[in-house]
Amino acid sequence: MDVELTHPIYDIVGQVADEMGIDAYAVGGVVRDYFLQRPCSDIDIVCVGSGIALAKEVALRIDPHKEVHVFHNFGTAQFTYLYNNVEWEIEFVGARRESYQRDSRKPIVEDGTLQDDQNRRDFTINAMAVCLNSSRRGELVDPFGGIIDLDRGVIRTPLDPAVTFSDDPLRMLRAIRFASQLHFVILPECFQAIQNNAERIKIISMERISSELNKILLSERPSEGLLLLYKSKLLSYFFPELENLKGVETRGGLSHKDNFYHTLEVVDNVARKSDDLWLRWAALLHDIGKPATKRFDEKLGWTFHGHEVKGAKMVGRIFRRLRLPLDAKMKYVEKLVMLHLRPIVIADDVVTDSAVRRLLFEAGDDIDDLMLLCEADITSKQEAKKKRFRENYKLVRQKLVEIEEKDRIRNFQPPVSGLDIMQTFGLGPCHEVGVIKDAIKDAILDGTIPNNRDAAWQMMLTLANNMGLKQVDSKSDDSIIM
Ligand code: CTP
């Protein structure tokens with residue numbers, strides 16, 4: 001079969017390889033994605049000879065000043081190449097034969113043939129090579145039937161899976177990630193080997209694990225990969241909190257739902273509406289506090305009171321362990337986990353202006369994402385219940401728009417600041433300032449006073465007067481009492 005790879009780098013590599021008298025191939029993901037018609041921006045080149053020498057020669061041909069990054073330890077070299085406004089990463093390696101020691105990912109490497117190189121790759125669909133030399137340009141070298149596996153939609157390893165996974169345990173996660181991204185099936189023998197070797201994931205760094213986890217979350221139906229992570233037992237080694245959601249308990253004939261399956265459904269629901277990774281994370285963690293707050297109450301049955309607060313507190317610990325960013329993205333996930341019940345509570349009751357105003361104030365610009373998460377959270381099997389929630393949510397959304405138009409609460413900044421209060425009454429930071437500030441904020445959110453400076457100022461003066469505070473000349477610094 002002839003494969004027509006079109007990127008200009010292939011012609012240059014082919015020509016240089018011809019001149020150097022070595023064979024060069026495009027290999028791995030780029031060949032797989034060609035057949036799947038998926039976009040890709042990384043190109044891997046393997047040659048039977050020195051990958052570093054070939055990379056340097058090719059780079060010289062493109063631009064004498066081109067920077068080539070050489071990794072002598074791995075026998076690889078890499079540079080970037082701008083084409084069609086995309087920065088392509090071109091990586092070169094010499095064909096190798098590799099063997100690994102049990103407790104390390106550092107392989108013992110020797111020069112090898114193309115077949116040796118293909119043997120040591122992770123999956124048959126990732127082990128296909130396309131020749132770039134002029135005499136065999138476009139020839140597909142596919143010793144393990146990768147093309148058939150692509151067609152059948154299966155994932156399997158070129159060698160005995162126990163060997164492939166033991167060589168690099170990250171591949172167990174990669175198998176699940178590809179299954180999730182491509183809706184492929186992992187062949188039973190291969191999946192069994194993942195279950196048998198799951199514990200070895202411990203030697204892989206958390207950064208690499210969460211990079212795969214994020215790719216699973218970003219796939220079209222993340223539940224496919226998440227379920228496989230659970231079934232393979234891999235999950236328990238890096239994300240036990242998620243596994244703890246699994247299970248149903250029954251007492252006095254009353255059962256609670258299985259929160260693991262419920263979470264998977266919510267993540268899929270969110271994924272249908274949004275590509276945002278962090279919103280998907282919020283969906284994944286929205287009920288993470290449930291196992292720790294589960295109680296059985298004789299009158300109420302199963303309860304999970306405070307699971308949103310407990311869950312929000314767990315986010316930081318989980319993000320830290322998984323080496324996920326601890327910046328605004330984490331704060332966003334915490335906030336959504338914390339607030340995820342609020343719209344339900346509002347929708348379940350009479351939808352008052354003041355409850356909606358408070359929700360807008362706390363969610364700020366994340367209100368639309370929060371509403372999306374809450375709507376995704378309706379997974380009841382009872383159609384009537386689902387319908388009632390959906391209708392109440394419609395009402396909440398309508399009120400959110402009306403109130404935002406009227407009161408501008410979304411990016412609410414109190415019209416009277418703490419500094420205003422301190423300067424007006426000659427105070428330093430103290431309890432009274434907080435009391436006045438909160439009372440004004442509450443009055444605005446409850447709709448007792450309008451959201452403007454005049455009304456807020458008036459209220460400040462009245463409150464301060466009741467507290468016995470005296471106004472001072474704001475220009476005199478001496479009047480500040482600390
Ligand atoms: N590979 C491997 N074992 C790994 C990682 C990679 O055998 N643990 C091989 C596979 O042949 C893979 C190629 O190296 O196709 C390139 O790896 P990488 O760029 O990480 O992945 P891709 O397959 O290109 O897929 P993606 O870009 O989606 O990660």
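Start by selecting glutamate 383 and lysine 386: their side chains form a salt bridge, with 3.8 Å from N to O. A salt bridge here is a side-chain nitrogen of Lys or Arg within 4 Å of a carboxyl oxygen of Asp or Glu. Before you go on, note that this is a predicted model, in which local features need pLDDT of at least 70, side-chain atom pairs count only at pLDDT 80 or more, and totals for chains, interfaces and linings use all residues. Residues are numbered from 1 along each chain as its sequence is written, and side-chain values use heavy atoms, with hydrogens and water left out.

**Stop 1: helix α21**

Show residues 383-407 as a cartoon. Glutamate 383 and lysine 386 are 3 residues apart in this helix, α21, so about one helical turn separates them. Helices (H or I, at least four residues) and strands (E, at least two) are DSSP runs, numbered from the N terminus. Now colour the pair by accessibility. Glutamate 383 is exposed, at 52% relative accessible area, whereas lysine 386 is buried, at 17%. Buried means under 20% relative accessible area, exposed over 50%, and partly exposed in between (1.4 Å probe, protein chains only).

**Stop 2: helix α17**

Next, select lysine 331 and glutamate 334, whose side chains meet in a salt bridge of 3.6 Å, N to O. What separates these two residues along helix α17? They sit 3 residues apart within residues 328-339, so the separation is about one helical turn. Glutamate 334 is buried, with a relative accessible area of 19%.

Step back to the loop between α16 and α17, where you will find arginine 323. Its phi is positive, about 55°, although arginine 323 is not a glycine. This residue is exposed, with a relative accessible area of 51%.

**Stop 3: aspartate 287 and its partners**

Move to the loop between α14 (277-285) and α15 (290-293), and pick aspartate 287 there. Is aspartate 287 buried or exposed? At 2% relative accessibility, aspartate 287 is buried. Its side chain pairs with that of lysine 290 in a salt bridge of 3.4 Å, N to O. Lysine 290 is buried too, with a relative accessible area of 9%.

Add histidine 340 to the selection: a polar contact of 3.4 Å joins its side chain to that of aspartate 287. A polar contact is a pair of N or O atoms within 3.5 Å; within protein, one must be able to donate a hydrogen and the other to accept it, and residues adjacent in sequence count only if both atoms are side-chain atoms.

**Stop 4: helix α16**

Select residues 307-321, helix α16, and find alanine 312 in it. Alanine 312 is buried, with a relative accessible area of 10%. Draw a distance from its C-alpha to that of alanine 282, and you should get 9.7 Å for two residues 30 apart along the chain.

**Stop 5: a salt-bridge network and a strand-to-strand loop**

Select Asp23, Arg136 and Glu139, which are linked in a network of salt bridges. How many salt bridges does a search of the whole structure find? It finds 33.

Then go to the loop between β4 (76-83) and β5 (86-94) for asparagine 84. Asparagine 84 has a positive phi of about 55° although it is not a glycine, and it is exposed, at 58% relative accessible area.

**Stop 6: the domains**

Colour by domain: domain 1 (8-152), domain 2 (153-238) and domain 3 (418-481). These bounds come from an automatic or database domain assignment. The C-alpha centres of domain 1 and domain 3 are 68 Å apart.

**Stop 7: the ligand**

Finish by selecting the ligand and its 13 surrounding residues, of which Arg32, Asp122, Asn126, Asp168 and Arg177 come nearest. A residue is counted as near if one of its heavy atoms lies within 4 Å.

Three side chains are worth showing as sticks. A polar side-chain atom of aspartate 168 is 2.8 Å from a nitrogen atom of the ligand. An N or O atom in the side chain of arginine 177 lies 2.8 Å from a ligand oxygen atom, and one in the side chain of arginine 174 lies 3.2 Å from a ligand oxygen atom.

Which elements give two or more residues to the shell around the ligand? They are α2 (29-36) and α7 (170-182), and α7 provides the largest share, 4 residues. Domain 1 and domain 2 each supply at least three residues to the shell.
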